[in-house]
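Thanks for making the time this morning. I would like to walk through one chain with you, going from its overall layout to a few individual residues, so please have the view open in front of you.

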Amino acid sequence: VVPYTSTMKTPTDNNVQMTAATRFSLNQKTVRKVDASNRIIPTPYKIDDTDNAQTFDINGISLINAQLLDKLRVGATDLMWKLGVNRNGNHRVTFILGSLPRDTDGPESYTMEITADGTTITG
């Protein structure tokens, strides 16, 4: 029997040996609370921002055509609650089923246009 020396398969193997402590540490990264108040979830693939883009305050949102979310509606409202988003606000979020430009078209693709009048999500 050869004595145990390492779990590395090669000298450059960077895999961390899984123990209860390392699994707990890695799991903590998935359950910790994150301040998402200053970013879009999920992170956009591409952002088109103009030099003269205006800024404005959003004091909560109201969902328009939310029935288009179907089974995702419960998850969306739950996420807004977790993020502390007022769901009776003045910023209208409208969902539209439509076609996307060829460069962004895909099974999980969508476009989001944010203006002072409201946000339109097309997918």
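Starting at the N terminus, the elements follow one another as α-β-α-β-β-β, which gives two helices and four strands in the chain. I should say at once that this is a predicted model, and I would ask you to hear everything that follows with that in mind.

Taking the chain as a whole, it has 123 residues, of which 14% are buried. Its accessible surface comes to about 10800 Å², and carbon and sulfur atoms account for 53% of that area. If we look at contacts between residues at least 6 apart in sequence, 65% of them join residues that are at least 24 apart.

Let me turn to the sheet. In what order do the four strands lie in the sheet? The order is β1-β2-β4-β3, in an open sheet with mixed pairing. The edges are formed by β1, residues 61-64, and β3, residues 111-114, each of which pairs on one side only. From one strand to the next, the twist averages 15 degrees. As a general reminder, strands of a sheet pair through backbone hydrogen bonds, and they may do so in a parallel or an antiparallel sense.

Both senses can be seen by following β4, which covers residues 118-122. With β3, strand β4 pairs in the antiparallel sense over four bridges, and the hairpin that joins β3 to β4 passes through three residues. Within this pairing, I114 has T119 as its bridge partner in β4, while E113 stands opposite T120. With β2, on the other hand, β4 runs parallel, and five bridges join the two strands. Here R92 stands opposite G118 of β4.

Staying with β4, I would like to pick out T122, which is found in that strand. Is T122 buried or exposed? Its relative accessible area is 15%, and T122 therefore counts as buried, the cut-off for that class being under 20%. Leaving aside neighbours within four places in sequence, T122 is in contact with I96, G98, S99, L100, Y110 and T111.

Next, the nonpolar core. Which residues make up the largest one? There are five in all, namely I61, L69, M80, V93 and F95. Looking at L69 in particular, and not counting residues up to four places away in sequence, we find that L69 touches A76 and F95. In general terms, nonpolar side chains tend to be buried together in soluble globular proteins.

Now for the charged side chains. A search of the whole structure finds one salt bridge, formed by D78 and K82, whose closest N and O atoms are 3.3 Å apart. Both residues belong to helix α2, which spans residues 72-83, and they are four residues apart, about one turn of the helix. D78 has a relative accessibility of 34% and so counts as partly exposed, whereas K82, at 58%, counts as exposed.

Finally, two loop positions, which I have chosen with their spatial relation to the strands in mind. The first topic here is N90, in the loop between α2 and β2, the latter being residues 91-96. N90 is exposed, with a relative accessible area of 57%. Setting aside neighbours within four places in sequence, N90 is in contact with N59 and G60. The C-alpha atoms of N90 and G118 are separated by 8.6 Å, although the two residues are 28 apart along the chain.

The other position is Y45, which lies in the loop between α1, residues 20-31, and β1. Y45 is exposed as well, with a relative accessible area of 79%. Its C-alpha atom is separated by 10.0 Å from that of T111, and the two residues are 66 apart along the chain.

To close, let me return to the sheet, where the strand order β1-β2-β4-β3 combines a parallel pairing of β2 with β4 and an antiparallel pairing of β3 with β4. I am happy to go back to any of these residues in the view.

Methods:
Residues numbered from 1 in each chain as written. Predicted model: local features only at pLDDT ≥ 70, side-chain atom pairs only at ≥ 80, totals over all residues. Heavy atoms only, no water. Core = buried A, V, L, I, M, F, W, Y, C linked by side-chain atoms within 4.5 Å. Buried < 20%, exposed > 50% of the residue type's maximum accessible area, 1.4 Å probe, protein only. Contact = heavy atoms within 4.5 Å. Pairing = 2+ DSSP bridges. Axes fitted to C-alpha atoms, helices over the stretch in contact; angles between N-to-C directions. Areas by Shrake-Rupley, 256 points an atom, 1.4 Å probe, with all protein chains shown as cover. Salt bridge = Lys/Arg side-chain N within 4 Å of Asp/Glu carboxyl O.
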